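Me: Please take a close look at a single part of this model, the buried interior, and work outward from one residue. I would like one connected account rather than a list.

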Amino acid sequence: GTVARDRLDGNVEGGTLLRPFLPLPRPQIFTLDATATPDAMDDALAVLAEMDGNPALDGVPLLVLGCKKDLDGACSLETLESLVIKTLPDVRQRRMVRVSLANARDADDVKAILNDFSSCYDTGEEES
């Protein structure tokens, strides 16, 4: 016969659990100014390090998004990635992380970054 589901969490009639429903953790998005002075960038990265130090965030996907990539003085993606890895050297062992640069005044640019991150987050795959 068939088994009717009584709830979305995987419970079925008779209390038998076929498959647990485990929601994916909500990802974190940490934004910073890609045109920041070195001191301001250090301050932002210190906040990121403090936030990432919470063990409850292990396994929670992280997008570090540098804004204002279109302005003079914006750091490159390679520089931002290097700063993030220097700040969080073991982050990729604990959680999926992506680093991107965005032109915040261009909604399509931001939407593309978020969609790309979402697709990697949904599949658990990370761009190398």
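**The interior, starting from Q28**

Reply: Q28 counts as buried, at 19% relative accessibility. The model is a predicted one. Q28 has its place in strand 1. Leaving aside neighbours within four places in sequence, Q28 is in contact with M51, L57, V60, P61, L62, L63, R95 and F117. One of these partners, L62, lies 34 residues away in sequence, with a C-alpha to C-alpha separation from Q28 of 4.8 Å.

The setting of strand 1 comes next. The chain has four helices and three strands, and along the sequence they follow the pattern β-α-β-α-α-β-α. Of the 128 residues, 31% count as buried. Among contacts between residues at least 6 apart in sequence, 65% join residues at least 24 apart. The accessible surface of the chain is about 8300 Å², and 53% of that surface belongs to carbon and sulfur atoms.

The largest nonpolar core has 17 residues. Those with the most contacts inside this core are L32, L48, L62, V64, L80, V84 and L88. Two or more residues each come from strand 1 (28–33), helix 1 (38–52), strand 2 (62–67), helix 2 (77–87) and strand 3 (97–102). Helix 1 gives the most, with four residues. Another core, of eight residues, lies apart from the largest one, and L63, L65, A102 and F117 are among its members. Two of these, L63 and F117, also appear among the contacts of Q28.

L32 shows what one of the well-connected core residues touches. Not counting residues up to four places away in sequence, L32 touches M41, A44, L45, V64, L65, G66, C67 and L80. Within that list, M41, A44 and L45 are buried residues of helix 1. C67 is also buried, with a relative accessible area of 18%. C75 likewise counts as buried, at 16% relative accessibility. With a disulfide taken as a pair of cysteine sulfur atoms within 2.5 Å, the count comes to zero.

Helix 1 has 15 residues and reaches 21 Å from its first C-alpha to its last, close to the 21 Å expected at 1.5 Å a residue. Its buried residues are M41, A44, L45, L48 and D52. Seen down the helix axis, these buried residues fall within an arc of 95 degrees, so they line one face of helix 1. An α-helix has 3.6 residues a turn, so residues three or four places apart point the same way. The buried residues of helix 1 pack against strand 1, strand 2, helix 2 and helix 3 (91–94). On the other side of helix 1, D39, D43 and E50 are exposed.

Strand 3 brings in a further buried residue. S100 is found in strand 3, and at 12% relative accessibility it counts as buried. Leaving aside neighbours within four places in sequence, S100 is in contact with L63, V64, L65, G66, L77, L80 and I113. V64, L65, G66 and L80 from this list are also touched by L32. The C-alpha atoms of S100 and V110 are 10 residues apart along the chain and separated by 9.7 Å.

Past strand 3, N103 lies in the loop between strand 3 and helix 4 (107–123). N103 is buried, with a relative accessible area of 16%. Its contacts, not counting residues up to four places away in sequence, are K69, D70, D109 and V110.

The loop between strand 2 and helix 2 holds K68. K68 has a positive phi of about 70 degrees although it is not a glycine. At 37% relative accessibility, K68 counts as partly exposed, whereas C67 is buried.

To return to the starting point, Q28 is a buried residue of strand 1. Strand 1 is one of the elements that give two or more residues to the largest core, and it is also among the elements against which the buried residues of helix 1 pack.

Methods. Residues are numbered from 1 along each chain as its sequence is written. This is a predicted model: local features need pLDDT of at least 70, side-chain atom pairs count only at pLDDT 80 or more; totals for chains, interfaces and linings use all residues. Side-chain values use heavy atoms; hydrogens and water are left out. Buried means under 20% relative accessible area, exposed over 50%, partly exposed in between (1.4 Å probe, protein chains only). Contact means heavy atoms within 4.5 Å. Accessible areas come from the Shrake-Rupley method with a 1.4 Å probe; for residues, only the protein chains shown count as cover. A nonpolar core is a set of buried Ala, Val, Leu, Ile, Met, Phe, Trp, Tyr and Cys residues joined through side-chain atoms within 4.5 Å. The expected span of a helix is 1.5 Å times one less than its number of residues. The arc is that of the directions from the helix axis to the C-beta atoms.
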